[in-house]
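I opened my notebook to look up a few things in this model. My entries follow in the order I made them.

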Amino acid sequence: MDDRDKGLTHLFVRDLDEIPLPLRGEWRRAPRGGTAMRASRLLLGIGALAAVVAIALIVGFQLNERQSSVAGPSSSPSPRDTAIPVLDPRASATPTASHTPAATVATDIFNDDFGFAFREPQDRLTFRAESSQTRGADFSIGGFAVSADGRRMVYWTEGATEAAGAPQELRVVSAGDPTHSQTLVTLKSGQMGGGIVWSNDAGGVMFAVIDLNPVPGPPGSSAAAASIHTVDVGGTSLFSTDRVIYRSQQGGVVLQPVAWDRPAGVLAFGETGEGGFMFSYDVTHFSGSDVTTTRANVPVQITMSSVSASSDAKYVVGIDLTAQGFTYWPLQTMSGAGHHPPESKYGMTGAVWRPGTHEIGFVGPSNQFWLCDVDHETPLGCGRTAFSGLPDGAGTRAFRADGSAVVLTVGPSGPTTTYLLVRIGTDAKSRSGDRVTFQDNGNLVSSVRFR
Amino acid sequence: MPDITPERWGELYDRAFPQVYRALIATTFDRERALDGLHDAFEEGLRNPPHDDRNLEGWLYRVALRKTRRGIFPAQREVSIDAGSSADEVAAIIQRLEVGRLLSLLTERQRAIVVAHYYLGLTQDEIAEGLGIRRGTVSATVSQSLARMREEGIARG
C-alpha cells in the first residue's frame with residue numbers, strides 16, 4: 001500500500017481507535033481452559049435464563065389475569081412501526097426572509113411518486129414510498145445503481161463467493177415494477193461484479209468486473225485483475241452484448257466507473273489501489289468501432305468513493321483531502337487538481353449532485369444547505385444558500401430523483417436513523433426549506449421514482 | 001532473533017492488545033468473543049510463541065479469530081450490530097462511527113478481511129494465508145467494500 005492508497009486506512013484508524021479498551025485487569029487471564037470457562041459461563045447463563053423465564057411466566061400470568069377483565073390487548077409496535085413521520089418544528093426557518101412558508105403538513109412534502117432505497121443488513125436492499133414505512137420490494141443483492149431519473153435499477157445478484165459458487169448476474173428492474181427483473185449479463189465462474197453506473201440517457205450501463213483468479217504472469221506482464229465493460233439496455237427489450245472497454249494491466253488495481261455520456265461517446269472511470277485514493281482518471285472515447293482510452297495521473301488525494309458525476313454526465317465531483325474540500329472537473333478531462341470554488345472547503349459534510357442540474361449540494365457554514373452551480377461560478381464563488389436551520393452534524397444523503405427535495409441525516413446514527421426531507425424550489429423565488437423528519441432502521445442510499 | 005521468553009511475550013502482548021482488541025471488536029461486534037479470542041491467543045503464544053516479534057498484531061489477530069471460531073459454538077452466530085448485541089455498549093460506539101455503517105452491512109468474514117487490511121495493515125497475501133482463503137477473494141472483498149462505501153457516501157466527506 002503506497003502513500004496514495006492510505007485514505008481509507010486513515011479513516012479506519014481514526015474511527016476504530018475510538019473504541020474504548022477494557023480495564024487493564026481484563027487484558028489477560030491466567031492460563032485456563034478457554035472452552036471449559038465458556039462452558040461454565042454458558043451453564044450459568046442457561047440457569048439465569050431459566051429463572052428469568054420462570055419469573056416472566058408467573059408475572060405474565062398474573063398480568064393477563066388482570067388485563068383480561070379491563071381492556072383488549074395492545075400490540076407492541078416494532079421499531080419500524082414507531083417511525084411515524086412528524087413535522088419538524090423548524091419548518092418555518094427558511095433562507096429567504098421574504099418568504100415564510102405557510103403551515104405545512106407532512107403530506108405536502110412527501111411525494112409518493114418517489115420513494116427511498118435502503119441498504120439493510122445481510123446484503124439486502126429495500127424500497128419504500130416516501131411517506132410509508134412499508135417496504136415495497138426486498139432484494140438480496142451485491143452492488144447496485146439507480147438510473148438518473150430514478151426509474152430503474154441495475155444490480156448484481158449475490159453469488160460468486162467461494163461459499164455460494166453461483167455465477168453472478170447483472171440484472172435490471174423497474175422501481176415501479178420490482179417483481180420483474182431481466183438479466184443483462186452473466187459473469188463467468190471466478191468473476192465478481194464491481195461498481196456500476198448508468199449512462200446519462202439511461203440507455204446503457206457501465207460496470208467493473210473483478211477477476212478472482214488473475215492470470216499469473218512474469219513481472220510487468222498483463223495479469224488482468226479488473227476490467228471495465230458496457231452493455232446497452234433497451235426500454236422493453238435487451239440488446240447489445242457485454243463489451244469489454246478496458247482491462248487493467250496491473251494486478252490489485254480497482255477500477256471504478258464514474259460516468260458515461262453515451263450520446264457523446266465518452267465515458268470515464270477511476271483507478272485506485274486498495275487504500276481508496278484515485279491515482280488515475282481514465283477517459284474513453286468511442287468513434288465508430290474504435291475505442292481509445294487515455295489515462296491521466298491524479299496529483300491530489302481524491303477519495304475514489306467520493307467521486308460522482310452530474311446526472312447528465314458532463315461534470316464530476318470528488319472530495320480532495322489535500323485541499324480539504326470538494327473539487328470538480330468536466331467529464332472529458334481532469335486537468336491537474338480540478339477546480340476548487342471558494343465555497344468548496346465548506347463541503348466536507350457531503351458534496352452531492354442535484355439531479356437535472358449542475359448544482360452540487362452540501363452543508364455549508366452556519367448550518368445552511370448550499371448549492372454550488374458550476375455553470376455560474378464567479379471569482380466570488382458559485383454557491384447560494386438553499387435553506388438554513390439545520391441541526392449540528394447534519395449530512396447530505398441523497399436528492400429526490402427529480403431534484404425537488406433533499407434528504408439529510410440528522411443526529412447520531414444508531415439502530416434507527418433520523419432523516420430530514422427538505423423541499424428545494426426550482427428557482428430562487430420558489431418555496432424552499434419546508435421539511436419533515438422521519439426515522440427508519442435502514443440506511444437510506446438513494447431516491448427512486450415509482451411513477 | 002532470540003527466542004521470545006514468557007516475560008518478553010507478556011510485554012509484546014500488552015503492547016499489541018489495544019489495536020488487536022479493537023480490530024476484533026470491529027470484526028465480531030462482540031466484546032466477549034474478542035476478549036476470549038485474545039486470551040486464547042495469549043495462551044497460545046505462551047505455549048508456541050511466534051518466531052519473531054515482527055507484525056505481532058497480525059499474528060494475534062489471526063490466532064484470536066481462529067480461536068474464537070473454535071469455541072463451543074462451532075458455527076458462530078452472525079451478530080447483528082442492529083439487534084444482537086444491543087446490550088453491549090461497544091456496539092453502540094461502533095454504530096456512531098463512519099466506518100461502522102460499512103461494517104454493519106458486511107458479513108463477519110468480509111469484516112475480518114477489511115479490518116485486517118485497512119486497520120491492521122496486513123497485506124492481501126498475509127490475510128489470505130491467515131484466514132485460509134484465496135488471495136482473489138481478499139482482493140474482491142476489498143474492492144467490493146470500496147464500491148459499497150461509494151454507494152453509501154461513506155468517506156464522501
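**Entry 1: what "buried" means.** I began with the rule I need for the next lookup. A residue is buried if 20 or more other C-beta atoms lie within 10 Å of its own. I also noted that this is a predicted model.

**Entry 2: helix 6 of chain B.** How many residues of helix 6 of chain B are buried? I found 9 of its 11 residues buried, so I wrote "mostly covered" beside residues 108-118. The buried residues are Gln110(B), Arg111(B), Ala112(B), Ile113(B), Val114(B), Val115(B), Ala116(B), His117(B) and Tyr118(B).

**Entry 3: chain A overall.** I looked up the elements of chain A and got 3 helices and 27 strands. The chain has 451 residues, and 41% of them count as buried. Next I looked up contacts between residues at least 6 apart in sequence. In chain A, 46% of these join residues at least 24 apart.

**Entry 4: a sheet of four strands.** I picked one sheet in chain A. It is open, with 4 strands in the order 8-9-10-11, and the pairing is antiparallel. Which strands are at its edges? They are strand 8 (191-198) and strand 11 (243-247) of chain A, and each pairs on one side only. From one strand to the next, the twist averages 25°. I added a reminder for myself: strands of a sheet pair through backbone hydrogen bonds.

I then went through the pairs. Strand 8 of chain A is joined to strand 9 (residues 204-211) of chain A by 6 bridges. Val197(A) stands opposite Met206(A) in that pair. These two strands form a hairpin with 5 residues between them. In the turn, Ala202(A) has a positive phi of about 60°. At the other end of the order, strand 10 (residues 226-232) of chain A pairs with strand 11 of chain A over 4 bridges. Here Thr230(A) stands opposite Arg243(A).

Is strand 8 of chain A enclosed or open to the outside? I counted 7 of its 8 residues as buried, so strand 8 is largely enclosed by the rest of the structure.

**Entry 5: a sheet of three strands.** I found another open sheet in chain A, with 3 strands in the order 16-17-18 and antiparallel pairing. Strand 16 and strand 18 (325-330) of chain A each have a single partner strand, so one side of each is left without a neighbour in the sheet. Strand 17 of chain A is joined to strand 18 of chain A by 6 bridges. Ile319(A) stands opposite Phe326(A) there.

I stopped at the loop between strand 16 (308-309) and strand 17 (315-320) of chain A, where Ala313(A) is found. Ala313(A) has a positive phi of about 65° although it is not a glycine. Ala313(A) counts as buried because it has 25 C-beta neighbours inside 10 Å.

**Entry 6: helix 1 of chain B.** I compared the span of helix 1 (residues 6-28) of chain B with that of a straight helix. A straight helix of 23 residues would span 33 Å, but this one spans only 28 Å between its end C-alpha atoms. Where is the kink? I found a kink of about 50° at Phe17(B), shortly before the proline Pro18(B). Buried residues of this helix include Ala16(B), Phe17(B), Val20(B) and Tyr21(B).

Just after the helix comes Phe29(B), in the loop between helix 1 and helix 2 (31-47) of chain B. Phe29(B) has a positive phi of about 55° although it is not a glycine. Phe29(B) has 26 C-beta neighbours inside 10 Å, so I marked it as buried.

**Entry 7: the nonpolar core.** How many residues does the largest nonpolar core have? It has 146. Helix 1 of chain B gives the most to this core, with 8 residues. Val154(A) and Val20(B) are among the residues with the most contacts inside it. I followed Val154(A) beyond its neighbours within four places in sequence. Its contacts there include Phe144(A), Leu170(A), Ile196(A) and Val205(A).

**Entry 8: Asn111(A).** My last lookup was in the loop between helix 3 (106-109) and strand 2 (114-120) of chain A, the place of Asn111(A). Asn111(A) has 19 other C-beta atoms within 10 Å, so it is partly exposed. Asn111(A) and Glu130(A) are 19 residues apart in sequence, and 6.2 Å apart in space, C-alpha to C-alpha.

How values were computed
Residues numbered from 1 in each chain as written. Chains lettered and ligands numbered in written order. Predicted model: local features only at pLDDT ≥ 70, side-chain atom pairs only at ≥ 80, totals over all residues. Buried ≥ 20, exposed ≤ 12 C-beta atoms within 10 Å, placed from the backbone. Contact = placed C-beta atoms within 7 Å. Pairing = 2+ DSSP bridges. Axes fitted to C-alpha atoms, helices over the stretch in contact; angles between N-to-C directions. Expected span 1.5 Å × (residues − 1). Bend = angle between axes of the 7 residues up to and from the residue. Core = buried A, V, L, I, M, F, W, Y, C linked by C-beta atoms within 7 Å.
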